[in-house]
Structures are given as C-alpha cells and as structure tokens.
Amino acid sequence: MSTVNDCLFCKIATGVIPADIIVENDHALAFRDIDPKAPTHVLVIPRSHFADVDELTERDPDLAGKLLALASEVAKLEALGTGYRIVTNIGEDAGQSVAHVHFHVLGGRSLTWPPG
Ligand code: AMP
C-alpha cells in the first residue's frame, strides 16, 4: 500500500486517525462522512493513495471497479433501496477538498438534480 504522510485519508486508512468505518476489505474501506449532507453519507476510499479518479483509473482501473462495488455494498448495508447517489469530486472547480480519491455515497432522502 502506498501512503502519503500528510494525507488525511491515508491516516484514516492506516488507523492513525479514527473514523466510523462501516465496511472494509484488503484494498478499501467505507466510513461515515464527518459532515453528512444526507441521512446516509459514506465515503469509499482505497487504502493506497491516488489523488483523484483520473489518477486512479490511469494507474489501477481494476481498483476503480472494486471501489464502485464497495459503494454498492454500502447502499445495501444502509438499505438505500429507493435510490441513492455516488459522487466523486475532481479538482478545485468541483470542490474536491481531500486529495485522496473518494466516492461519496449519499441517500436516505430525496436528492435534487442538477447539483450546485
Ligand atoms: P470532497 O470535498 O469531495 O473532497 O469530500 C471530502 C469529504 O471528506 C467532505 O465531505 C468532508 O466532510 C469529509 N471529511 C473531512 N474530514 C473527515 C474526517 N476526518 N472523517 C470523515 N470525513 C471527513
């Protein structure tokens, strides 16, 4: 696993910083967002460091698929059967605030479209 010293999500992945983890496996984990935007707001991250989806899909596309599979598993665990959203922000204009790729899994309420 490759980590970056000052990366918040690398520290969560290695247990240095605690998080409310709901499911994890050898290559990824899912934990509750500290500032939830919906009744269910979970972040799915790889244990290894990739800055964003562009870097992830270029360097390890198989892992990208595994992360989406874990996001689907989160939706099942959280009983989001009536609908949910998977979001990933890439770069400044999209509002990415943590430079370790993550998928937001949002649900538990009606979600509007388009996003802001
Ligand atoms: P983004 O803005 O797309 O990069 O998403 C980063 C997300 O990380 C935000 O929704 C934050 O609320 C969330 N976040 C920041 N710090 C933590 C933390 N220590 N534990 C859980 N979620 C966090």
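Helices, taken here as DSSP runs of at least four residues, are numbered from the N terminus, and in this predicted model the helix called H1 gives the largest share of the shell around the ligand, three residues. Helix H1 covers residues 8-13, and both this helix and strand E2, at 28-32, supply at least two residues of that shell.

In total, 16 residues surround the ligand, and the closest of them are Asp33, Asn89, Ser97, His102 and His104. By character, the shell divides into seven nonpolar, six polar and three charged residues.

Some of these surroundings can be followed down to single atoms. Asp33 places a polar side-chain atom 2.5 Å from an oxygen atom of the ligand, while in the side chain of His104 an N or O atom lies 2.9 Å from a ligand oxygen atom. With Ile34 the backbone takes part, since one of its polar backbone atoms is 3.1 Å from a nitrogen atom of the ligand. The ligand, which exposes 500 Å² when taken alone, has 84% of that area buried by the protein.

The space that the ligand takes is the largest pocket, whose volume is about 810 Å³. This pocket is lined by 33 residues, and those closest to its centre are Asp33, Lys37, His41, Asn89 and His104. The lining draws at least two residues from each of H1, E2, strand E3 (40-46), strand E4 (84-87) and strand E5 (103-107), with the largest share, three residues, coming from H1. Sorted by character, the lining of the largest pocket holds 16 nonpolar, nine polar and eight charged residues.

Definitions and conventions: Residues are numbered from 1 along each chain as its sequence is written. This is a predicted model: local features need pLDDT of at least 70, side-chain atom pairs count only at pLDDT 80 or more; totals for chains, interfaces and linings use all residues. Side-chain values use heavy atoms; hydrogens and water are left out. A residue is near a molecule or strand if one of its heavy atoms lies within 4 Å of it. A polar contact is a pair of N or O atoms within 3.5 Å; within protein, one must be able to donate a hydrogen and the other to accept it, and residues adjacent in sequence count only if both atoms are side-chain atoms. Accessible areas come from the Shrake-Rupley method with a 1.4 Å probe; for residues, only the protein chains shown count as cover. On a 1 Å grid over the protein atoms alone, a cavity is a set of points where a 1.4 Å probe fits but cannot get out, and a pocket is an open set with protein on both sides within 12 Å along at least five of seven lines; lining residues have an atom within 4 Å of a point. A molecule sits in a cavity or pocket if more than half of its atoms lie within 2 Å of its grid points. Ala, Val, Leu, Ile, Met, Phe, Trp, Tyr, Cys and Pro count as nonpolar, Asp, Glu, Lys and Arg as charged, and the others, Gly among them, as polar. Grid points are joined across faces, edges and corners, and a volume is the space filled by probe spheres set on the points.
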